[in-house]
Each structure stands twice: as C-alpha cells, then as structure tokens.
Amino acid sequence: MRMQFKPVFMSVCAVALMIGLGAMMSGCSTNPATGESQFTALMSPQQEASVGAQEHEKVMKQYGGTVSDSALSAYVNRVGQKVAANTERPDVQYKFFVLDTPVVNAFALPGGYVYVTRGILALANSEAELAAVLAHEVGHITGRHTAERYSHGVVTSLGAAVLAAALDSQTAADAANVGSQLYLSSYSRGQESQADDLGIRYLHRAGYDTGAMARFLTSLQMDSALDARLHGKGGNGESFSYFSTHPQTAERVANARNIAMQYAPNEGLTNRDAYMNAINNVIYGDSASQGFVRGTTFWHPDLDMTFTAPDGYSIINNPDSVIVRNPSAGSVAVFDVAANAAGVDPLTFLTTSWMRGEQLANVETLSIGGKPAATGQFSGRIGNQIMTVQLLAVQWSPNRVYRFQMAWPPKADSATVDGMKQLSYSLRSMTKAEKSSIKPLRIKTVTAKSGDTIASLSARMAKTDAFTVERFLTLNGLDGEAKVVAGQAYKIIVE
C-alpha cells in the first residue's frame with residue numbers, strides 16, 4: 001500500500017492542533033485565487049521571493065541558460081505579462097524565461113519565476129496555446145502550491161515524530177518522512193488540476209481562447225505517445241507521459257475542455273500567425289553549444305569531438321554529460337569532460353585524480369583518436385547490480401580530459417564488451433568539413449499551397465527518426481484524419 005498525502009487543509013490543521021502547534025494555526029488562511037483555506041504558514045510571500053531568486057541561478061546552470069534569440073524571449077515575456085496582469089496576487093513580480101534546451105518542459109518557481117523550454121514551444125501552435133502553458137504555471141504561483149507543499153511536508157514530519165514517540169517506533173517516523181519527501185518532490189494531482197483551472201481563468205481575462213489549454217494538452221499527449229513508441233514503451237502515451245507526476249494527460253484534456261466551456265471557448269484570440277512568425281527558425285533539438293545527436297553518432301564542434309555508438313544503442317544528450325545505453329544488453333556508458341588543471345598525463349590523471357588512489361585492474365596506456373589515453377577496470381555496484389566498470393581518460397588538450405565510464409554485467413557476452421570497446425575507440429576529432437556541415441535542426445514555418453497534403457509537407461521534413469509523418473502531425477497538433485488547409489502556416493523541421 002502506497003502512502004499518499006492529500007492536500008486537504010482541514011486535515012493538516014487538525015494534525016497541527018493534535019500535536020500542539022497552535023501558533024501555526026494563524027497560517028491557515030484563505031487563498032484569494034482559489035477561495036480555499038490553505039496552510040502556508042511556514043513559507044511567507046517574502047520567503048517565496050527569496051527562494052525563487054536562489055533557485056533561479058541553479059536553473060540557469062542546469063539548463064545552460066536562456067536562448068540567444070532576444071526577439072523570441074521578448075515575445076514570450078509579453079504574452080506572459082499579459083496573462084499575469086489580472087491575477088489575484090499583484091504582489092508578485094512575474095518573470096518569464098525561455099530555456100535553451102530541447103526537453104519538453106515548463107515549470108515555475110515561487111516568487112514569480114516562470115520557465116518554458118524550446119522543446120515545449122515546438123509543440124504549441126498558437127499564441128493562445130503558449131499563453132495556456134504560461135497561465136498554468138502562473139496558476140501554481142497564485143495558488144501558492146510550493147508554499148503549501150513545504151508547509152504540509154514539515155507538519156507531516158512533525159506529526160510523524162510525535163507518532164513515533166508514542167509508539168516508540170523509529171520505523172513509523174522513517175516511513176512518514178519518506179512519504180513527505182515524495183510529496184514535496186512534485187505537485188499533487190489536485191494542485192495540477194487547480195493550476196489548469198486557474199490558468200483557463202487567466203486565459204479568459206487576457207482575452208485568449210480558453211479552449212487553447214485542451215488543444216495544447218492534446219499535443220502533449222501526442223508527443224508522449226510518440227516518445228513511447230520511440231522508446232518501445234507502447235503507443236498510448238499514458239504510462240510514458242511527460243507529466244509523470246501529474247494527472248493522466250487524457251484526464252487533463254477532458255477536465256480542461258469542461259472548464260473552458262464556462263467561458264465560451266473559441267471566442268477569444270488565438271493569434272496563430274503571430275506565434276508561427278515568432279518561432280520561425282528557432283532551433284529544434286540540440287543546439288551548437290550542446291552538441292548534436294544524429295542517429296547513433298554524437299557530434300560536438302565546439303569540443304572538437306565525435307563518437308559513434310554501436311547498433312542497438314541510444315544516445316541521450318544531457319547538459320553535462322552524454323549517456324549511451326542499451327537496456328536489453330544491460331550496458332551503459334557516460335561521456336563527460338573534466339579539467340586537468342595540473343596538466344598531468346592520462347595515467348596519472350586516471351589513478352590519482354579521477355580514482356584518487358582506489359585500486360584499478362588491467363591498467364594500461366593507449367592512444368585514442370591520436371591522443372594519449374589511459375584505461376583501467378574495477379568491479380562496482382550500479383543500483384542493486386554488480387557491474388564491470390571500465391574507465392577511459394583521454395588527454396584532449398593540456399588541461400582538458402575527455403572521459404568514458406562504461407559498465408556492463410560481469411557475464412555479458414563478447415558482443416556487448418566489444419561494443420563498449422568500439423564506442424571508446426571511435427572517439428576522434430572532427431574534420432573541418434564535418435564542422436561546417438553539422439548544423440542544428442530548425443523549425444521552419446511554411447504556408448500550405450493548394451494541393452498540399454500531410455504527406456507532401458512531411459516529406460519536406462529532415463529525417464530525425466523513423467516517424468517523420470507522426471512527427472509532423474505531433475508538431476502541428478493534427479490527428480490522422482486532419483486535412484491541410486491552403487493558406488495556413490505549418491511547422492516542419494529542416495537542416
């Protein structure tokens with residue numbers, strides 16, 4: 001049985017009363033946005049602003065900063081300020097940012113910090129849909145959901161401590177504390193639904209079509225389903241949803257449609273053309289500063305390197321590392337870059353700096369891509385499984401080392417081990433021709449002509465995977481029965 005902490009004000013206040021936290025009862029107040037009683041005593045509005053400012057710096061580092069397209073950033077900010085102009089919290093100074101990452105995500109920090117990614121902008125198909133995303137995140141802020149989660153979690157932990165003392169059981173305290181941490185790690189389903197409700201309210205007040213929320217969530221559902229197919233998880237988009245801690249996307253779509261009906265949907269602004277103009281030529285997928293994944297090859301012109309994964313492996317490009325994995329073989333590799341401030345040789349770096357004197361087996365020096373390198377092996381544990389771990393340090397420049405950490409089960413077949421060797425030996429510098437030819441993919445908006453079809457427009461797409469037609473449909477929020485409308489703008493992906 002899974003412990004679940006429900007965001008119900010009366011139960012939390014009751015806990016506070018039972019454990020003698022009378023002073024906290026003054027924190028049980030009515031939220032002006034929701035009209036509901038809410039326990040937020042342990043994070044004041046002033047603290048929210050301070051927490052938001054601190055966490056903003058971490059977000060910038062984690063996601064690699066904002067896009068360099070100042071016009072796009074200004075456009076998103078204008079839409080966001082329009083949405084936030086008539087909320088119930090005029091004390092908040094809202095700030096909107098476009099993060100330079102292909103990850104499909106949008107989130108908010110307390111204090112008015114709202115973020116959308118390039119990945120999520122690629123899925124929206126009108127200014128109203130962008131406004132819906134921003135309005136949902138504003139709803140989390142006006143609903144004070146972070147403050148509520150924090151205050152609930154603290155009281156839950158205090159209550160668990162009293163319970164444990166009464167039962168003389170540390171297990172009870174540990175179980176409750178684990179539950180509260182899980183609760184603090186994500187919004188509850190009730191909070192997500194409430195943010196949808198508030199977001200649609202703010203859409204209406206800003207003059208946008210309130211049906212945009214449901215339309216965007218439908219595109220999100222399609223994107224989740226396509227990702228599921230790409231990763232072999234099935235095709236319904238439910239179990240592999242982007243909003244893994246949110247209500248199921250289909251449920252949210254239905255709820256959003258019902259809420260929108262209260263505001264006469266389809267009568268407000270959509271501003272499709274303005275949005276299509278704003279995102280024309282925006283980078284799709286990885287940017288130059290992050291490197292590019294093309295099939296089973298990773299290219300990074302700025303780092304002057306490339307490597308190719310064996311067949312059957314997938315490549316995941318993260319801000320600070322690249323992951324190469326084959327779940328069926330149980331093998332994985334992580335590539336990253338490390339500073340070599342002392343300028344030591346690869347063997348010294350491997351044994352004294354990287355492993356800091358820990359024992360390695362089969363240590364040897366070698367050459368990778370014409371660069372001096374060193375490698376060694378040890379037996380380690382990843383999760384609950386014992387794995388053979390191979391380390392490789394390549395001296396790419398006097399003060400920079402490129403590293404591979406490769407792991408496979410001890411009883412892996414020779415093909416798996418050979419695949420890891422093939423991966424490491426494929427690391428090399430890029431040629432001038434490769435550096436000039438490898439460019440980021442971009443969104444291009446095209447106007448459909450008479451006679452154009454889904455097939456003809458998707459045929460103009462750069463091939464990013466085996467689902468080109470499905471990718472076109474997902475990007476444009478179209479189902480398989482849709483028809484292309486002459487004179488209307490559509491998104492395609494080009495090199």
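Which residue in E14 is the bridge partner of Thr365? The close-ups below start there, and they come from a predicted model.

**View 1. Thr365 meets its partner across E13 and E14.** Here's the reply: the bridge partner of Thr365 in E14 is Ala374. Zooming out a little, E13 and strand E14 (residues 371-382) run antiparallel and are joined over six bridges.

**View 2. Seven strands make up an open sheet.** Reading across, the order goes E10-E11-E12-E16-E15-E14-E13, and the pairing is antiparallel. The edges belong to strand E10 (314-317) and strand E13 (361-368); each has a single partner strand, so one side of each has no neighbour in the sheet. On average, neighbouring strands here are turned by 20° against each other, ignoring direction. As for what holds such an arrangement together, strands of a sheet pair through backbone hydrogen bonds.

**View 3. Helix H13 lies across several strands.** H13 covers residues 414-425. The strands it lies across are strand E11 (322-326), E12, E13, strand E15 (385-397) and strand E16 (400-408). Against E16, the helix runs at about 170°.

**View 4. Aromatic rings gather into a cluster.** The model has 14 aromatic pairs. One of them is tilted: Phe307 and Phe335, because their ring centres are 5.5 Å apart and their planes meet at 55°. Phe307 sits in strand E9 (residues 305-308) and Phe335 in strand E12 (residues 331-339), so this pair ties together parts 28 residues apart in sequence. Both of these Phe residues are buried. Trp396 and Tyr402 give us a stacked pair, with 4.8 Å from centre to centre and 20° between the planes. Trp396 and Tyr402 are buried too. Ring pairs link these four residues with Phe298 and Phe404 into a cluster.

**View 5. Two lysines sit over tyrosine rings.** Take Lys82: its charged end is over the ring of Tyr208, 4.6 Å from the ring centre. Then there's Lys95, whose charged end sits over the ring of Tyr113, at 4.5 Å from the centre.

**View 6. Thr142 reaches Tyr202 by a side-chain contact.** You'll find Thr142 in helix H5 (residues 127-142). Is this threonine buried or exposed? Thr142 has a relative accessible area of 0%, so it counts as buried. Its side chain makes a polar contact with the side chain of Tyr202, at 2.9 Å.

Note on methods: Residues numbered from 1 in each chain as written. Predicted model: local features only at pLDDT ≥ 70, side-chain atom pairs only at ≥ 80, totals over all residues. Heavy atoms only, no water. Helix = DSSP H or I, 4+ residues; strand = E, 2+ residues; numbered from the N terminus. Buried < 20%, exposed > 50% of the residue type's maximum accessible area, 1.4 Å probe, protein only. Polar contact = N/O pair within 3.5 Å; in protein donor to acceptor, adjacent residues only side chain to side chain. Phe/Tyr/Trp six-rings, centres within 6.5 Å; stacked < 30°, edge-to-face > 60°. Lys NZ or Arg CZ within 6 Å of the ring centre and 35° of its normal. Pairing = 2+ DSSP bridges. Axes fitted to C-alpha atoms, helices over the stretch in contact; angles between N-to-C directions. Contact = heavy atoms within 4.5 Å.
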